Structures are given as C-alpha cells and as structure tokens.
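Please examine the sequence and the structure shown below before reading on. The paragraphs that follow lead through the model step by step.

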Amino acid sequence: FGDSSLLFDGTGDYLEIGEKADWKFLHDGTTDYTVEFMMYCRGVTGSDGYSRIFATAGTSNVPGMNLSLNSNRGIYTGISSGSGNTHINSYLDTDAFTLNTWHHVAVVYTKQPVELKLYVDGMLIYTGQEQNAPVTSDPYTTLLIGRLKRDDDASKTYYFNGYLQNF
C-alpha cells in the first residue's frame with residue numbers, strides 16, 4: 001500500500017506525538033486548520049464498536065479533539081470543551097466509508113464562522129456548528145494516532161485496524 005503507509009493492527013499499535021501543549025490549537029478556537037489523511041480501514045475492532053484515527057481527548061469530560069469510526073461505517077469528529085461539554089462536532093452515523101478501500105478524509109475547522117467540516121473523498125458530509133465555547137487549557141493527552149486513551153475507563157480500547165498515510 002505504498003512506501004508511506006502505517007499499518008495499525010487494531011490490537012495495540014499507535015503513535016504518540018509531541019507534548020500536550022503542541023496540540024492545544026486543535027481545540028482552543030484560536031486558528032483555522034485542516035487535518036487530512038488517507039485511510040484504509042480493515043474493520044472497526046475497538047471497544048463499544050468504535051475505533052479512533054486520532055485523539056487528544058479521552059471523553060467529553062476533558063478538553064481535546066478526536067476522529068473516530070463506528071461499526072456502522074460511520075465517522076465522527078469532535079472537539080471537547082471538558083466538563084462533559086462539546087465545543088463542536090461533525091459526523092455521519094452510517095455508510096460514510098467502505099471497508100478495505102482507500103478514502104481521503106479531511107477535517108476543516110474555521111474560527112469565523114465557527115464550523116467543523118468533515119469531508120470524505122472530497123465530498124462534504126457534515127458541517128458542525130458551535131455548541132459551547134472553546135477552552136484554552138492543554139488537551140488531555142498528546143496527539144495519539146491509531147487509538148484513544150480514555151480518561152474514565154482505561155480498560156476500554158479503541159485501536160484503529162488498517163492503514164494510514166499522508167497524515
């Protein structure tokens with residue numbers, strides 16, 4: 001699958017990148033940004049029928065951002081303000097992607113107007129609107145690619161099963 005793909009086996013592989021403060025811009029509302037990558041999902045094998053592509057938050061109880069897949073081939077991205085509050089999210093519950101197929105995924109955050117757009121294969125699938133104010137504290141964790149580290153239940157795993165490239 002190309003020289004630049006990373007294989008995640010769905011049972012323990014992940015990357016941990018940088019320091020917490022490096023990723024604060026993903027949830028503090030101070031800058032526009034785009035996160036994009038190619039993914040090839042072989043199956044959603046995480047706890048509760050979810051797998052995470054990337055995360056700096058554990059749940060909505062702590063500040064940060066995540067992008068996850070569900071077992072209905074849905075895709076979700078959200079920014080948490082902490083204390084159980086969501087700053088903004090964008091999602092499609094079912095049939096957003098096909099297993100064993102390469103897909104381009106892009107998340108675009110704009111601060112004016114405050115929007116979180118989710119694209120799959122160049123098609124806009126959802127635009128989220130601001131629900132609560134952003135927070136300026138550091139995220140719960142450093143950037144994790146291929147898993148989620150929950151702040152409330154370490155026994156649950158949300159590892160990604162597939163290939164990522166051009167992240």
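**Aromatic pairs, strands and a pocket**

The structure holds 12 aromatic pairs. Rings of Phe, Tyr and Trp (its six-membered ring) pair if their centres lie within 6.5 Å; planes under 30 degrees apart count as stacked, over 60 as edge-to-face and the rest as tilted. The model is a predicted one, in which local features need pLDDT of at least 70 and side-chain atom pairs count only at pLDDT 80 or more, while totals for chains, interfaces and linings use all residues. Residues are numbered from 1 along each chain as its sequence is written, and side-chain values use heavy atoms, with hydrogens and water left out.

One of the pairs is formed by Phe-8 and Phe-160, which meet edge-to-face with 6.1 Å from centre to centre and 65 degrees between the planes. This pair links distant parts of the chain, for Phe-8 belongs to strand β1 and Phe-160 to the loop between β11 (143-145) and β12, 152 residues apart. Strands are DSSP runs (E, at least two residues), numbered from the N terminus. Phe-8 is buried, with a relative accessible area of 3%, and Phe-160 is also buried, at 0%. Here buried means under 20% relative accessible area, exposed over 50%, and partly exposed in between (1.4 Å probe, protein chains only).

The rings of Tyr-40 and Tyr-163 have planes at 75 degrees and centres 5.7 Å apart, and therefore this pair is edge-to-face. It too links distant parts of the chain: Tyr-40 lies in strand β3 (residues 33-43) and Tyr-163 in strand β12, 123 residues apart. Tyr-40 counts as buried at 12% relative accessibility, as does Tyr-163 at 16%. Elsewhere, Trp-23, Phe-25, Tyr-33 and Tyr-109 form one aromatic cluster.

Several of these strands belong to a sheet. Strands of a sheet pair through backbone hydrogen bonds, either parallel or antiparallel. Two strands pair if DSSP finds at least two bridges between them. An open sheet of 6 strands has the order β1-β12-β3-β8-β9-β10, and its pairing is antiparallel. Because β1 (6-9) and β10 (123-129) stand at the edges with a single partner strand each, one side of each has no neighbour in the sheet.

At one edge, β1 is joined to strand β12 (residues 161-165) by 4 bridges, and the two run antiparallel. Within this pairing, Asp-9 stands opposite Asn-161 of β12. At the other edge, β10 pairs with strand β9 (residues 114-120) in the antiparallel sense over 6 bridges; the bridge partner of Leu-118 is Tyr-126 in β10. β9 and β10 form a hairpin with 2 residues between them, and Asp-121 in the turn has a positive phi of about 55 degrees.

A further hairpin consists of β6 and β7, again with 2 residues between the strands, and Ser-83 in its turn has a positive phi of about 55 degrees. Strand β7 (residues 85-92) runs antiparallel to β6, to which 7 bridges join it. Ile-75 has Leu-92 in β7 as its bridge partner.

Where is space left open in this model? The largest pocket holds about 210 Å³. On a 1 Å grid over the protein atoms alone, a pocket is an open set of points where a 1.4 Å probe fits, with protein on both sides within 12 Å along at least five of seven lines; lining residues have an atom within 4 Å of a point. Of the 16 residues lining the largest pocket, Arg-52, Thr-59, Ser-60, Asn-66 and Tyr-76 are the closest to its centre. The elements that give two or more residues to this lining are β5 (63-70) and β6 (75-82).

Key: Grid points are joined across faces, edges and corners, and a volume is the space filled by probe spheres set on the points.
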